[in-house]
Structures are given as structure tokens and as C-alpha cells.
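This report goes through strand pairing, salt bridges, burial and surface patches in one protein model. The sequence and structure are shown first.

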Amino acid sequence: MLILGIVPHQAFATDITASVDRNPVSVDESFKIFFTATDSPDSDPNFAPLEQDFSIINQGQSSSSSWVNGKYSKSIRWTVEVTAKKPGNLFIPPIQFGSDASKPLAIVVNQGATTSDAANTNEDLILDVNATPEQPYVQSQVLYTIRLYRRVDVAQAELSEPELADAVIEKLGEDSSYNTLVNGVSYLVTERKYAIFPQKSGVMKIKPLSLTAAVIVDSQPDFRDFFGSRMTKTRRVLSKEIILNVKPVPPSFTGKDWLAAEKLELKQEWSGDIQQMKIGEPLTRTLTLRGVGTTVGQLPELSTVKTDADVKAYPDQPVLNERKLADGITASRQEKIALIPTTAGKHVLPAIEIPWFNTKSQTMEIVRIPETTINVVGVNENQPDTAPPPKTLATPTVPIPQPEKNTQIPVSTNTGQQYIWFWISVFLALGWLATAIYFLQNRPKNQVTYTKEVERLKHETGLKESAKKLKNACANDDAQGAKNALLAWGKQKFNVNNLGAIADCCDARLRDEILHLNQVLYGKDTSQWTGKKLMQVFTENKAREKKVSPDEQILEPLHRL
């Protein structure tokens, strides 16, 4: 109790983070501020500092707790809906929770509504879309934002999804709702975002979206039809068409593989001291590549870097991850490589360089890990010398008196000592025999384990070789070569021998690409086939299990507004 009394409170302060549902916002629209804590703070929050630059519309609180792998976690969230009093670069100030406090957060507040379509109409139901940027580079991220403005009550609504050939489209996060003023009229806005990655250069058109809504005719709750339902009328609203002018890879980019992103980071970690490695003992090198504004399928492999001939490298399966946030996709690729040195001395691991194109600065950049020198000590290095063998003590010479003539001397045979050495020899022989029998009995088991390990390595090597052939075929848009590589991969991984059966064992995106390839080869679809999209979804699927779990086979429910 004495120790707890002298420890400062900051050592036990609750961590409180502040976030917003979107950024930037308009001065005439509401947005939500979230304050999240992993434990109960010192006291209730005091939101009075917010009123300097913001008007508070509503506030609420929620909490949740869970047990995961035997660990208890708790989360408390305070939600404050506000509107900004002025445009500019504002700060959400620190909010006091007794002696605990949140950190400040910057937010950009624009002047006027963020959309021009809504400002030029007086309709009570408006479907607005926009894309940023409208002149992207090939395979770079385009943020496609949908906003539904309404000032009428809607019983239910059904919205189509964006369609664009030769593009990867991903929905970002959950829908957000807020209030805004357009020409002095208050609207309730529902916002939805997508990330689009065009896979070829040239002019591409995103078709208009369609909204079908059941609009309530009268807001009075007692105004109902014959069956007791509220009277509605069906309205259909179309958005505008979006045209993208996709630019090809710029001539200034000299990298081997094209990679466009807003930000790229590369780092390495070691499981031990690289200056005290030992011969035959593994040390794990972890390489992590993280990109903002790119998909995990576009991140290149990292374990292909050659190592010193005296250092054996054994890469593990990569860990792929994607986070779909409101401001875009963040992807990461982590690879673990076990390094086992075979000789002592210093060994140099070559530098790792990944060229990439920064879509914000419009320039080529390189993320790099410099040359890494490891030091390997021998097996017996740093160990104390063995003790010298004991010196043999000299037996002193004692004069033996000569017997007198005709005197009989008794002769000792020392039979007791002879029996001791006999039993020691028998004991050692039995120990050697028991050891031999033990190793003979365990030899078949070790042999089986060794055989299984060899088979596993052959299986993994075969899968990697098939994946490499598929990558080459996709790079050359060789449909027949891609088919042969997929058949070899499917035979080894799933023990099936046709494209249809292989597709059934994969996730939805890879399944669709394999079936499309099958149609190109054998069906009526004679369109020119390109392998870039197949290779991208194959990379994302490569680390999955043989069977897709039943939960993953269920389609997402129809989106409702």
C-alpha cells in the first residue's frame, strides 16, 4: 500500500483516444466525435471546451466487453454529434475525464456544402457521386463517394453498386449519417465510400447508380393503407456518370514492378542478437511492408532477396492483411525468414530496395533496408577450455629385501582385484548392448519422421514452382500457360484435376477469375484475356486453407439505407 501511495497517478492513467466519423467536413453539416477508452476513466467527461468552436447537437455513451483467448478487454465510447461554427483548420481540444484527458485532434472544416449537385437542385431526394482523383494512374486508388440527400421519410431503399470493367472495387467501412444545410434547407445525408483500382490505362466510365426508395406519403403515423401499413410511393433516382482518365505508368518510373501508393514503409526485426549468431542455430528475420492506398495483391514478395552462400534461408508463408478504412485501404505483407549460418565469421546480407510511385507527390521513390552484417561465432567459441588431463603420479621405488637361501616365499595371485575388473567389463558391455537396442528400436520412427519432412518440403517446393509459372503466364497474358499452372497447383494443393473443381476450393474472387479463364479457353467468351487481375486475387488467396469455412460462403445481405 505504501508503494501504491507514492506511485504517481500518470502511471495508471486511462488511455482515451479521439476520432471522427469523417474528415474533412463542411461548416454547414454535422459530424460525430468519438472518445474511446479501454477502461473506466477517473470521472465523467466535461464537453464544455468543445463549445468554443463547435455546437453540440447530441451526445451518448456505449460500452462493450469480451473474452478472447482467456484475455478480458473492455471498451467505453462517448459519441458527440456537433457542427462547426466556422471554417478552417480547427482542433478538437483535450477533454477532461476527471484527472484523465483525451489528446487533441485536428479537423479540416470547409466553407459551404461539399457537393455541387445538391446545391443546384431543390429536390427532396438527391443521389450525388464523386471520384477523387478523376485522373489516376493505373492500379492506383480512387475514392468513390456516394451521398444520398433526403428531406423525406423513407420506409426502405435499395441502392445499386458501382460497376467498372477491368477494376478492383472494395467497399470502405460502414455507412455514415449526418445533417447538412443546402441553400438553407436541412437534409439528412447517408454517405458510403468505395476504393476503386483501375487495372488498365485509358478512359473508363463508372455507370450511373440507381436508387429505388419507398417514400412515405404522409408523415402522420395514423395514415395507413387497408392492411395497416404506412402509405408509400416508389421513387427511382439516378446519379451522374463518372469518367476516369486513367494514366499509364510514367516513363520516369524505372522499377521492375509497378507499385502505386500514397505511402510505403519497409522495416525489419530480428528474434535475437545478429552479432552473436551461432553455427547451425536459426535466427528469424521479420520483414514488414506496409502501404497506404494500395491492395495487398500489389505488394511484392520480400523473401526473394539472395543471401550469402554460407547462410541458409528458409522463408515461411507470408501474412497478408488489409484494413478498409473510411479514407482508403491500408495493406501489409509480413514475411518471416529463418536464417541458419553454416560457417563462422561476418556475413553480409544484401540491401533490400523496393521502387514505388508516390501518387501524392507524383514522383518515384525507393524504400530501402541497407546491407545488414551478421556475426557468426563457432560452436566452441566463448566456452571455457576443457581441463587438462590429470598427471600420472610416479610410483615410488621401494627396495625389496632378498630372501635368505632355502627360504620359501608365498606367492599372492590377487584374485579379488581380477574379479572386480571382470564385473566392470560385463557392466560396460551390457550398457553398450542396451544403447544399441534403444537406437535400433527408434530408428524406424525417426526414418518415418524424416520421410514425412522430405515429402512436406517437396510439396511446398511444388506449390511455389506452380505459383511462379502462374505469375509468368499472367505477366505475359498467356491463358493456356495460366491454365496449366493452375492445374498443377490445384493437383498438389487440393488433389483435383480440373479448373471447375479448383475454383470451388477457392474464395469468391479467385473462383470468379478461374471460371472466367475457363470461359475464355472453352466457352463462347472470346474477349482478350489479361492475367493481372487473376494474379492479384491468387496472391490474396494463396495463404488460405483448402476449404472455405461455411461462414465465409454466405453472401453479404442486400444493403439497405
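Two strands count as paired if DSSP finds at least two bridges between them. Strands (E, at least two residues) and helices (H or I, at least four) are DSSP runs, numbered from the N terminus. This is a predicted model, in which local features need pLDDT of at least 70 and side-chain atom pairs count only at pLDDT 80 or more, while totals for chains, interfaces and linings use all residues. Residues are numbered from 1 along each chain as its sequence is written, and side-chain values use heavy atoms, with hydrogens and water left out.

**Sheets and strands**

One open sheet has 4 strands in the order β10-β11-β14-β13, with antiparallel pairing. Its edge strands are β10 and β13, each of which pairs on one side only. On average, neighbouring strands of this sheet are turned by 15° against each other, direction ignored; axes here are lines fitted to C-alpha atoms, for helices over the stretch in contact, and angles run from 0 to 180 degrees between N-to-C directions.

Within the sheet, β13 and strand β14 (residues 185-198) run antiparallel and are joined by 13 bridges. Thr180 stands opposite Tyr187 of β14. Strand β14 also holds Ala195, which is buried with a relative accessible area of 0%. Buried means under 20% relative accessible area, exposed means over 50%, and partly exposed is in between (1.4 Å probe, protein chains only). The C-alpha atom of Ala195 is separated by 9.8 Å from that of Thr295, a residue 100 positions apart along the chain.

Another antiparallel pair is formed by strand β15 (residues 202-206) and β18, over 5 bridges. In this pair, Met204 is opposite Leu244 of β18. Side chains alternate along strand β18 (residues 242-246): Ile242, Leu244 and Val246 point to one face and are buried, whereas Ile243 and Asn245 point to the other and are not.

Strand β27 (residues 352-358) contains Glu353, a partly exposed residue at 46% relative accessibility. The C-alpha atoms of Glu353 and Arg368 are separated by 4.5 Å, with their positions 15 residues apart along the chain.

**Salt bridges**

A salt bridge is a side-chain nitrogen of Lys or Arg within 4 Å of a carboxyl oxygen of Asp or Glu. The structure holds 15 of these salt bridges. The table gives three examples.

| Pair | Closest N to O |
|---|---|
| Glu123 and Arg235 | 4.0 Å |
| Lys324 and Glu170 | 2.8 Å |
| Glu265 and Lys263 | 3.4 Å |

What does the salt bridge between Glu123 and Arg235 tie together? Glu123 lies in the loop between β9 (105-110) and β10 (125-132), and Arg235 lies in strand β17 (residues 232-238), so the pair links parts that are 112 residues apart in sequence. Glu123 is partly exposed, at a relative accessible area of 43%. A network of salt bridges links Glu123, Asp124 and Arg235.

In the salt bridge of Lys324 with Glu170, Lys324 is in strand β24 (residues 319-325) and Glu170 in strand β13 (residues 167-182), so this pair ties together parts that are 154 residues apart in sequence. Lys324 is partly exposed, with a relative accessible area of 37%, whereas Glu170 counts as buried at 9%.

Both residues of the bridge between Glu265 and Lys263 are partly exposed, Glu265 at 36% relative accessibility and Lys263 at 42%.

**A buried arginine**

Arg22 is located in the loop between β1 (16-20) and β2 (25-26). Is Arg22 buried or exposed? At 6% relative accessibility, Arg22 counts as buried. The side chain of Arg22 makes a polar contact with the side chain of Asp21 at 3.1 Å. A polar contact is a pair of N or O atoms within 3.5 Å; within protein, one must be able to donate a hydrogen and the other to accept it, and residues adjacent in sequence count only if both atoms are side-chain atoms. The Arg22 side chain also reaches the backbone oxygen of Ser30, at 2.5 Å.

**A nonpolar surface patch**

Ile420, Trp421, Ile424, Phe427 and Leu428 form a nonpolar patch on the surface, together having about 600 Å² of accessible area. Patches are made of residues with over 30% relative accessible area and no salt bridge; like charges are joined within 9 Å, and nonpolar side chains (Val, Leu, Ile, Met, Phe, Trp, Tyr) within 5 Å. Accessible areas come from the Shrake-Rupley method with a 1.4 Å probe, and for residues only the protein chains shown count as cover. Phe427 belongs to helix α2 (residues 415-475) and counts as exposed at 63% relative accessibility.
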